[in-house]
Every structure is written in C-alpha cells, then in structure tokens.
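Thank you all for coming; please take a moment to look at the sequence and the model before I begin. I will go through a few features in turn, starting with a single residue and ending with the interior.

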Amino acid sequence: MPNSFFRFRQFVVCQDRCAMKVGTDSVLLGAWAKGGRRILDVGAGTGVIALMMAQRFPQADVMAVDIDGEACAQAVENVAASPFAGRVDVRCVAVQQLAADEAMQARFDAIVSNPPFFDNALKAKGESRLIARHTDTLPFVQLFAAVRRLLAPGGVFSAIIPFDYRSKFESEASLAGFCTSGVCALRTTPSKAVRRYLLSFQVERPEEVMVEEQILEIHHGVRSEWYANLTQDFYL
C-alpha cells in the first residue's frame, strides 16, 4: 500500500485522496520537461509535476488543471504547504474547457502532461482511477487540439507515454500540426526493453530532433548516473 505522502527535498506531496499516486512517470516528466515563463500542467493529480516545474523554473507562473475534485483539493493543499504557493494556481476544470476560453489561448510557453492513455483496455477499479488512466474524458485528439490552442508561439508540449502508445500519440500530434522535437526512450534496467517515452512537441519544425535512450537503474535499486543527475534536486 503506497504511503499517504511523498517527501521531496523542497516540498511534501500528500496523496491519500488522489487516485493516482506519485510515481516514476510523474517525477521523470517533472524533471525532464521544457519550461518557460508560463507553464500549464494538464492532469494535475497531486500537483507533483506542477510543483517540480515551479522549483525548476523560479521565474515561472504555473497553472495546474484536473477534473477530479478530490485531486484538485489535495493539490491545492500541497501547493499551499510548499515554498511555491504564490506561483502555482490549481483549477478544477477540463483542459478542453480551458482551451475554449479566449483569454487562455496562446497563453502558455510550456505545457506538460502525464496523460490518460488506456483505450479499449480492461478498466481499473474505482471511478477516479479509471478517469485518471483512461482516455474516455481526454482522448489524444482532444488533448492535442487543446494544447494547440493554449500553446504560445515557440512553446513546447512535453509528455510521458508507455512504449506501445507512442505511435498513436505522435500520429495525433502530427494531425494537430505538431512536430516531434525530443524523444527519450527509457529502459528500467539495461536488460529490459524500452517501456516508456518522454516526448516533446512544437508547432515550428525543429532544426534537430533530440533523440536519446536512457536507463533508470544500473540494477535493481541503484539509479543510473543519468537518472540520479536528472532527479538530484528532488529525491532525498
């Protein structure tokens, strides 16, 4: 059973009321994603990614959105207890609704998301966890349409996706007018197959697509140099 809280170097994330707990994927994305002056976190959950982005980019204002009321309430509490309370704004709203607000369009220099990805798959027990993990409420096509409206010129959208969803995710990105600008393939250990991808997208065609492959652990329980360096400002 996961702990009711997760302690980082500069903040604590309580998670007893959230369907999706702090996990490797969210920490990877929060430590890797491109930032900017105005950042949007889609699918805030506990608020961990928003808090990580606020720590990494001290001049940034961060907005975090989620449709789960309990998750938003907990994220609000986590933000309020953090050193970044004045720069992180949590809102209980669907990103599709946010994108329909003219005042929000082309507002964000960077958008990050650990999106729901399961489709046509056995659904998890519990409505909140089901919503958090499945694309029913946020299909990829709607996610990219919303990101396209909300992203400012020159902005970057970063996400983390399981290996078997990469093709579909990049196809929807292309249809929405995005170019892939960064790909980081991740193996848990050197002997394991690639299990997830960190991806970045932008509307403008990049001069070069940054492609890399990394491992998280040299062997069980021992972080790789890359993973240790990436997360050194967060993990205790």
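Is Ser167 buried or exposed? Before I answer, please keep in mind that what you are looking at is a predicted model. Ser167 sits in helix H7, which covers residues 166–175, and with a relative accessible area of 54% Ser167 counts as exposed, because the cut-off for that word is over 50%. If you look for Ala81, which is 86 residues away from Ser167 along the chain, you will find that the C-alpha atoms of these two residues are separated by 39 Å.

Let me set another serine beside that one. Ser158 belongs to strand S7, residues 151–162, and Ser158 has a relative accessible area of 0%, so it is buried. If we leave aside the neighbours within four places in sequence, Ser158 is in contact with Leu29, Trp32, Ala33 and Lys34, with Ile111, Val112 and Ser113, and with Leu199 and Ser200.

Now to a pair of helices. In general, two packed helices are described by the angle between their axes and the distance between the axes. Here, helix H1, residues 24–32, packs against helix H2, residues 48–56, at an angle of about 25°, and their axes lie 8 Å apart. Angles under 35 degrees count as roughly parallel, and H1 and H2 are therefore described that way. The crossing of H1 past H2 is right-handed. On the H1 side, the contact is made by Ser26, Val27, Leu29, Gly30, Ala31 and Trp32, while H2 contributes Val48, Ile49, Met52, Met53 and Arg56. Sorted by character, the residues of this contact comprise 8 nonpolar, 2 polar and 1 charged.

That brings me to the interior. The largest nonpolar core has 40 residues, and those with the most contacts inside it are Phe8, Phe11, Leu28, Val88, Leu198 and Trp226. Among the elements that give two or more residues to this core are H1, H2, strand S4 (61–66), helix H3 (69–80) and helix H8 (225–231), and H2 gives the most, with 7 residues. To take one of the core residues, and again leaving aside neighbours within four places in sequence, Phe8 is in contact with Val13, Val22, Val27, Val48, Phe234, Tyr235 and Leu236. Finally, there is a second, separate core of 33 residues, which includes Val95, Ala99, Leu143 and Leu199.

Terms used
Residues numbered from 1 in each chain as written. Predicted model: local features only at pLDDT ≥ 70, side-chain atom pairs only at ≥ 80, totals over all residues. Heavy atoms only, no water. Axes fitted to C-alpha atoms, helices over the stretch in contact; angles between N-to-C directions. Helix = DSSP H or I, 4+ residues; strand = E, 2+ residues; numbered from the N terminus. Parallel < 35°, antiparallel > 145°, perpendicular 65-115°, else oblique. Left-handed = near helix turned anticlockwise from the far one by under 90°. Contact = heavy atoms within 4.5 Å. Nonpolar A, V, L, I, M, F, W, Y, C, P; charged D, E, K, R; others polar. Core = buried A, V, L, I, M, F, W, Y, C linked by side-chain atoms within 4.5 Å. Buried < 20%, exposed > 50% of the residue type's maximum accessible area, 1.4 Å probe, protein only.
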